[in-house]
Amino acid sequence: MSLSTTGIIGIIILIVLLYSKMPVGFAMGFLGLIGFSYVVNIDAGLNLLARDVWDVFSSYNLTVIPLFVFMGQIAFHAGISRRLYDSAYVLLGHRRGGLAMTTVGACAAFSAICGSTNATAATMATVALPEMKRHGYDMGLATGTVAAAGSLGILIPPSVIFIVYGILTEQSIGKLFAAGILPGILLCFLFLLTIHLRVMKNPSLAPPGPKSNIREKFRSFAGILETLLLFALVMGGIFFGLFTPTEAAAIGAFMTLLIAIIRRQLHWKGFIQSLADTTKISCMIMVIVTGAVIFGHFMAITRIPYILADYVSSLPLPPHAIIGVIIFVYLIGGCFMDALAMIMLTIPIFFPVVQTLGFDPIWFGVVIVLITEMGVITPPVGINVYVVYGVARDVPLEKIFRGVFPMLISLIVCNLLLILFPQIALWLPSLMR
């Protein structure tokens with residue numbers, strides 16, 4: 001059996017294992033070990049397993065993941081997310097659809113100290129859905145907004161996906177973080193515009209809330225001041241070269257904990273829960289990364305990534321058409337696979353193609369993150385939709401998916417703009433030291 005045939009069979013078996021609900025990291029690691037052992041020998045496979053597990057779990061660069069996750073967990077348990085939402089409500093709540101717009105703004109702000117789409121969606125679903133239900137909002141609009149806006153957690157820095165992409169492709173994590181800022185702001189604006197157009201067309205979806213006076217609006221800024229401080233400290237330090245992303249994560253986690261202690265709003269139980277959730281989430285990510293690294297070595301020895309890269313780059317198509325094909329593959333794959341798993345599985349295959357075609361790897365990273373954002377809200381997987389459904393059990397799943405669809409159009413428009421105008425993503429990284 002040829003090496004390429006072995007690799008193709010391995011990919012087919014992996015897809016079958018993923019559909020059997022086997023954990024993604026274990027599925028990729030198991031197939032990588034078996035495949036590598038088959039091609040070389042069992043001793044080489046076991047040596048590869050031991051080396052890759054050690055390399056991932058002892059990696060200094062990957063320590064940025066638990067630190068940023070811990071930062072987000074402390075922010076949640078210290079009530080920072082609640083204060084963000086309350087402040088945004090004072091500013092936008094009086095408008096028709098204002099609570100939904102508030103949710104988008106709060107998701108964007110919380111994403112700046114969280115880095116996880118699932119955590120952002122779960123946090124804001126807990127905070128926002130009861131308020132929107134109480135004010136008579138259509139629950140399709142409400143749940144769809146939370147699920148879609150929660151996806152900002154992997155675009156607005158710090159982002160776990162950017163960290164993993166940067167490590168896999170050996171790109172600057174700091175530049176990837178900077179590249180996500182303007183597309184994140186653009187996507188927020190498109191979400192707000194979508195909500196505005198929906199409620200203009202059908203006012204019954206979202207009744208307006210009570211107006212607040214100027215004094216209340218000014219006082220509301222106190223609720224977002226700590227988040228702005230944390231974001232400025234973390235991103236400003238990275239942007240101006242004062243410290244590395246890992247150091248930024250450590251400083252951000254420490255400052256978040258310090259703010260929580262000063263405010264006296266983090267109880268011992270919440271602190272222990274933050275540590276437990278951080279450990280769970282970080283271990284899950286590390287296992288997926290380890291499995292993907294092992295599977296990537298199996299793919300490398302079968303030469304499938306290089307064969308595919310040569311084939312795609314030699315197609316009689318313009319470079320942007322080839323990028324369109326790659327994006328289509330990500331869009332379809334994202335409907336069936338977790339965003340992180342999709343990145344880990346496909347980057348070793350498609351990144352050489354992107355390099356061959358001469359596209360900027362930082363820009364490509366932002367494009368891929370936007371595509372995976374679509375995956376977290378599209379059926380059948382749509383992990384954010386299921387996260388929201390877990391909080392709002394009284395809302396039918398199909399109603400949440402229907403509520404998400406208009407927001408999906410915003411994501412498509414944002415991606416098209418990014419492809420047509422790459423400088424949206426590349427301008428800020430170009431200013432970095």
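**Stop 1: helices α7 and α8**

Select α7 and α8 in this predicted model; α7 passes α8 in a right-handed crossing. The two helices pack at an angle of about 155°, and their axes lie 8 Å apart. Because angles over 145 degrees count as roughly antiparallel, α7 is described as roughly antiparallel to α8.

Next, display the side chains at this contact. From α7, the participants are T117, T120, A121, M124, A125, A128, L129, M132 and K133. From α8, which covers residues 139–150, the participants are M139, A142, T143, V146 and G150. By character, the residues of this contact divide into nine nonpolar, four polar and one charged.

**Stop 2: K133 and its partner**

Remain on α7 and centre the view on K133. Which residue meets the side chain of K133 in a salt bridge? The partner is D394, with an N to O distance of 2.6 Å. This pair links distant parts of the chain, its members being 261 residues apart. K133 belongs to helix α7 (residues 117–134), whereas D394 is in the loop between α19 (383–391) and α20 (397–420). K133 is partly exposed, since its relative accessible area is 48%.

**Stop 3: L205 in its loop**

Now select L205, which is situated in the loop between α10 (173–201) and α11 (214–220). With a relative accessibility of 11%, L205 counts as buried. Show the surrounding residues: apart from neighbours within four places in sequence, L205 is in contact with G136, Y137, D138, L141 and R198. A distance may also be drawn from L205 to I195; the C-alpha atoms of these residues are 9.9 Å apart, and the residues are ten apart in sequence.

**Stop 4: S410 on α20**

Proceed to helix α20 and select S410. Is S410 buried or exposed? Its relative accessible area is 3%, so S410 is buried. Around S410, once neighbours within four places in sequence are set aside, the contacts are L187, L190, F191 and T194.

**Stop 5: F70 on α4**

Turn to helix α4 (residues 64–77) and select F70. F70 is buried as well, with a relative accessible area of 14%. Not counting residues up to four places away in sequence, F70 touches A253, F271, S274, L275 and T278. To see how the chain returns to this site, label the C-alpha atoms of F70 and A253: they are separated by 6.4 Å, although the residues are 183 apart along the chain.

**Stop 6: D277 and K280 on α14**

Select D277 and K280, which lie in helix α14. These two residues form a salt bridge, in which the closest N and O atoms are 4.0 Å apart. Because D277 and K280 are three residues apart in the helix, about one helical turn separates them. The two partners differ in exposure: D277 is buried, at a relative accessible area of 16%, whereas K280 is exposed, at 59%.

**Stop 7: helices α3 and α14**

Keep α14 (residues 268–302) on display and add α3 (residues 42–57). The helices pack at an angle of about 140°, with 9 Å between their axes. That angle makes α3 oblique to α14, and α3 passes α14 in a right-handed crossing.

Which residues make this contact? On the α3 side they are L48, L49, R51, D52, V53, V56 and F57, and on the α14 side they are M286, V287, V289, T290, V293, I294 and H297. The residues of this contact divide into ten nonpolar, two polar and two charged.

**Stop 8: R51 and D52**

Finally, centre the view on R51 and D52, which both take part in the contact of α3 with α14. The side chains of D52 and R51 meet in a salt bridge, at 4.0 Å from N to O. D52 is buried, with a relative accessible area of 2%, while R51 counts as partly exposed at 45% relative accessibility. The structure holds four salt bridges; among them are the pair D52 and R51, the pair D394 and K133, and the pair D277 and K280.

How values were computed:
Residues are numbered from 1 along each chain as its sequence is written. This is a predicted model: local features need pLDDT of at least 70, side-chain atom pairs count only at pLDDT 80 or more; totals for chains, interfaces and linings use all residues. Side-chain values use heavy atoms; hydrogens and water are left out. Axes are lines fitted to C-alpha atoms, for helices over the stretch in contact, and angles run from 0 to 180 degrees between N-to-C directions. Helices (H or I, at least four residues) and strands (E, at least two) are DSSP runs, numbered from the N terminus. Angles under 35 degrees count as roughly parallel, over 145 as roughly antiparallel, 65 to 115 as roughly perpendicular and the rest as oblique. A crossing is left-handed if the near helix is turned anticlockwise from the far one by less than a right angle, and right-handed if clockwise. Contact means heavy atoms within 4.5 Å. Ala, Val, Leu, Ile, Met, Phe, Trp, Tyr, Cys and Pro count as nonpolar, Asp, Glu, Lys and Arg as charged, and the others, Gly among them, as polar. Buried means under 20% relative accessible area, exposed over 50%, partly exposed in between (1.4 Å probe, protein chains only).
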